[in-house]
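Look at the sequence and the 3D structure below. The text after them goes through the ligands and the residues around them.

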Amino acid sequence: MMQVLSIHCATTKETPFSGKLIVLTGPSGVGKGTLMRSLLQRHPELYYSVSATTRAPRPGEVDGTNYYFISRSKFEQLLAQGEFLESAEFAGNYYGTPREAVLSQVQSGKLVVLEIELEGARQVRASFPQALSIFILPPSFEELERRIRGRGQDSEEAIARRLQRAKQEIAAADEFDIQIVNDDFETALNAIETALYNRE
Ligand SMILES: Nc1ncnc2c1ncn2[C@@H]1O[C@H](COP(=O)(O)OP(=O)(O)OP(=O)(O)O)[C@@H](O)[C@H]1O
Ligand SMILES: Nc1nc2c(ncn2[C@@H]2O[C@H](COP(=O)(O)O)[C@@H](O)[C@H]2O)c(=O)[nH]1
């Protein structure tokens, strides 16, 4: 039995539809992407929204799979055309959720998951109050730093920006419906599953 309420969009901007939207947020490096990948393996019925970003691809990242990697001018053009459901600047780059893909998937009855940072998550909550929002917390700030460094994919400057931002993000955890600490990975993954599917 799903816990997530159907969305009957009441905002003036959006077309009315029914469906289910999940927002997974939390500081950079907390493990959202890793949790998301495991969740998708266990639940291929979920629709993962691929975001657009102006960030350069990391080694191994594939355009159209991890992100749509686009230029700043293209991003600004799409933003001006209203093509993003939400968007934010994060650590010097733009990120945005493609509107049409998400709305059509929700409309067709899919459970759609967005993995996004705080400002975008707030925008989605404002537009879709019935979305289920999950905030992933690290067991400690020191462990968060270890994970970002251990990933080995960000410059010192990018790490510093992300850690600075993480403090603001963690302070906002209570704004969201559910808080899950990603200490033991399996425990955190099971907690997300429980939130989505109300399993014992
Ligand atoms: N429970 C865990 N215990 C230890 N390490 C973990 C755990 N969960 C994730 N990690 C590791 O932490 C690092 C960061 O994880 P990940 O890239 O998924 O974070 P993220 O929140 O998606 O970051 P970003 O928002 O910047 O994309 C990875 O190396 C991942 O393997
Ligand atoms: N507001 C949005 N945030 C997004 C989106 N896609 C990803 N993100 C978040 O950005 C940071 C940095 O990601 P990284 O891949 O550069 O490490 C992280 O918190 C992501 O969750 C989006 O479409 N909108």
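**Two ligands in a predicted model**

In this predicted model, an oxygen atom of ligand 1 lies 2.6 Å from an N or O atom in the side chain of S28. The side chain of K32 has an N or O atom 2.7 Å from an oxygen atom of ligand 1. With N182 the ligand atom is a nitrogen: it is 2.9 Å from an N or O atom in the N182 side chain. Ligand 1 taken alone exposes 640 Å², and the protein buries 74% of that area.

These three residues belong to a wider shell. There are 15 residues around ligand 1, and those that come nearest are S28, K32, G33, T34 and N182. Sorted by class, the shell holds six charged, six polar and three nonpolar residues. Where in the fold do the residues of the shell around ligand 1 come from? Two elements, α1 (32-42) and α5 (141-151), each give two or more residues to this shell. The largest share is that of α1, with three residues.

Ligand 1 sits in the largest pocket. The sequence record can be set beside this part of the model. In an unreviewed entry, UniProt lists G26, P27, S28, G29, V30, G31, K32 and G33 under "binding site". From this set, the lining of the largest pocket takes in G26, P27, S28, G29, V30, G31, K32 and G33. One of the listed residues, G29, is placed in the loop between β1 (20-25) and α1. Two others in the UniProt list, S28 and K32, are the residues already met through their side chains: S28 at 2.6 Å from an oxygen atom of ligand 1, and K32 at 2.7 Å from an oxygen atom of the ligand.

Now to ligand 2. Which pocket does ligand 2 take up? The space taken by ligand 2 is the largest pocket, and ligand 1 sits in the largest pocket as well. The elements that give two or more residues to the shell around ligand 2 are the strands β5 (84-90) and β6 (93-98).

Around ligand 2 there are 16 residues, of which S51, R55, Y67, Y95 and E117 are the closest. By class, seven residues of this shell are charged, four are polar and five are nonpolar.

Three side chains can be followed to oxygen atoms of ligand 2. For Y95, an N or O atom of the side chain is 2.5 Å from an oxygen atom of ligand 2. For S51, the distance between a side-chain N or O atom and an oxygen atom of the ligand is 2.6 Å. For Y67, an oxygen atom of ligand 2 is likewise 2.6 Å from an N or O atom in the side chain. Ligand 2 on its own exposes 510 Å², of which the protein buries 96%.

Methods. Residues numbered from 1 in each chain as written. Chains lettered and ligands numbered in written order. Predicted model: local features only at pLDDT ≥ 70, side-chain atom pairs only at ≥ 80, totals over all residues. Heavy atoms only, no water. Near = heavy atom within 4 Å. Polar contact = N/O pair within 3.5 Å; in protein donor to acceptor, adjacent residues only side chain to side chain. Areas by Shrake-Rupley, 256 points an atom, 1.4 Å probe, with all protein chains shown as cover. 1 Å grid on protein atoms, 1.4 Å probe; cavity = no way out; pocket = protein on both sides within 12 Å on 5 of 7 lines; lining within 4 Å. Sits in = over half its atoms within 2 Å of the grid points. Helix = DSSP H or I, 4+ residues; strand = E, 2+ residues; numbered from the N terminus. Nonpolar A, V, L, I, M, F, W, Y, C, P; charged D, E, K, R; others polar. UniProt positions renumbered as here; feature names shortened; annotations may be inferred.
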